Amino acid sequence: MFRHDSRVRTFTRAICFVGERSKDQNHKTMTYAVKLLKKEKLTHDVIGLTLERPSNYAFSPGQCTEFILDSPGKPSEKAPFSFTGLNSDPALHLALKTTPVNPAINAHIKTLKAGGEVQISDPRDNLLYRGPG
């Protein structure tokens with residue numbers, strides 16, 4: 001899943017931390033319900049996810065997607081996560097670094113199982129790759 005590729009810089013430079021909030025919580029974007037294909041522990045505090053790719057879903061280096069985390073009886077929470085694969089990959093690859101900032105989100109991520117469904121947003125322009133230098 002997280003292979004070395006000369007076209008992509010190492011994924012650790014672009015990890016969004018679990019618990020960071022979008023600057024614009026009221027920003028209206030399209031959301032997609034997608035299947036979680038694979039979940040793996042990459043390090044003690046980084047989780048890798050492979051998600052089904054929605055049709056016509058495209059992103060640029062540096063962009064993130066927001067997970068919409070629903071819990072019964074509570075308002076939805078959103079948390080941004082970085083893409084770690086290529087836009088040309090058939091599935092979406094994400095790296096999630098857990099932090100103590102938001103334990104509720106960490107707990108929700110730990111309950112996710114392969115085959116389950118998650119919601120993601122359109123790609124967000126938190127960071128954009130503009131070329132070398």
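Okay, so let's start with Glu66, which stands opposite Pro80 in β4. We're looking at a predicted model here, so keep that in mind as I go through it.

Glu66 belongs to strand β3, residues 64-69. How does β3 pair with β4? The two strands run antiparallel, and six bridges connect them. Strand β4, by the way, is residues 77-83. Then there's β6: two bridges join β3 to that strand, again antiparallel. If you want one spot to click on, take Phe67, whose bridge partner in β6 is Ile120.

Now, how many of the residues in β3 are buried? Six of six, so the strand is mostly covered. And that goes for both faces. On one side you've got Cys64, Glu66 and Ile68, and on the other Thr65, Phe67 and Leu69, all of them buried.

Back to Glu66, then, since a charged partner is waiting for it. The side chains of Glu66 and Arg124 form a salt bridge, 3.1 Å from N to O. Arg124 sits in the segment after β6 and Glu66 in β3, so this pair ties together parts of the chain 58 residues apart in sequence. Are the two buried or exposed? Arg124 is buried, and Glu66 is as well.

How many salt bridges does the structure hold? Three. Let me take you through the other two.

One is between Lys97 and Asp45, with 2.5 Å between N and O. This pair also links distant parts of the chain: Lys97 is in strand β5, residues 91-97, while Asp45 is in the loop between β1 and β2, and they're 52 residues apart. Asp45 counts as buried, because its relative accessibility is 15% and the cut-off for buried is under 20%. Lys97 comes out at 22%, so that one counts as partly exposed.

The other is Glu40 with Lys38, where the closest N and O atoms are 3.9 Å apart. Glu40 is partly exposed, at 23% relative accessibility, and Lys38 is partly exposed too, at 39%.

Next stop, Leu112. Where is it? In the loop between α1, residues 103-111, and β6, residues 117-121. With a relative accessible area of 12%, Leu112 is buried. So what does it touch? Setting aside neighbours within four places in sequence, Leu112 is in contact with Leu36, Lys39, Leu49, Phe67 and Val118. You'll recognise Phe67 there, the β3 residue that has Ile120 as its bridge partner. Lys39 is worth a look as well: it's 73 residues from Leu112 along the chain, and the C-alpha atoms of the two are separated by 8.0 Å.

Last thing, confidence. The protein averages a pLDDT of 76, and 73% of the residues score at least 70. Which of the elements has the highest mean pLDDT, and which the lowest? That's β1 at the top, with 93, and α1 at the bottom, with 79. Then we have residues 1-25, where the pLDDT is below 50. That stretch does have 57 contacts in the model beyond near neighbours in sequence. Still, where pLDDT is low, the predicted coordinates shouldn't be read in detail.

So, when you open it up yourselves, begin at β3, with its six bridges to β4 and its two to β6, and then follow Glu66 across to Arg124. That's it from me.

Definitions and conventions. Residues numbered from 1 in each chain as written. Predicted model: local features only at pLDDT ≥ 70, side-chain atom pairs only at ≥ 80, totals over all residues. Heavy atoms only, no water. Helix = DSSP H or I, 4+ residues; strand = E, 2+ residues; numbered from the N terminus. Buried < 20%, exposed > 50% of the residue type's maximum accessible area, 1.4 Å probe, protein only. Contact = heavy atoms within 4.5 Å. Salt bridge = Lys/Arg side-chain N within 4 Å of Asp/Glu carboxyl O. pLDDT = per-residue confidence, 0-100. Pairing = 2+ DSSP bridges.
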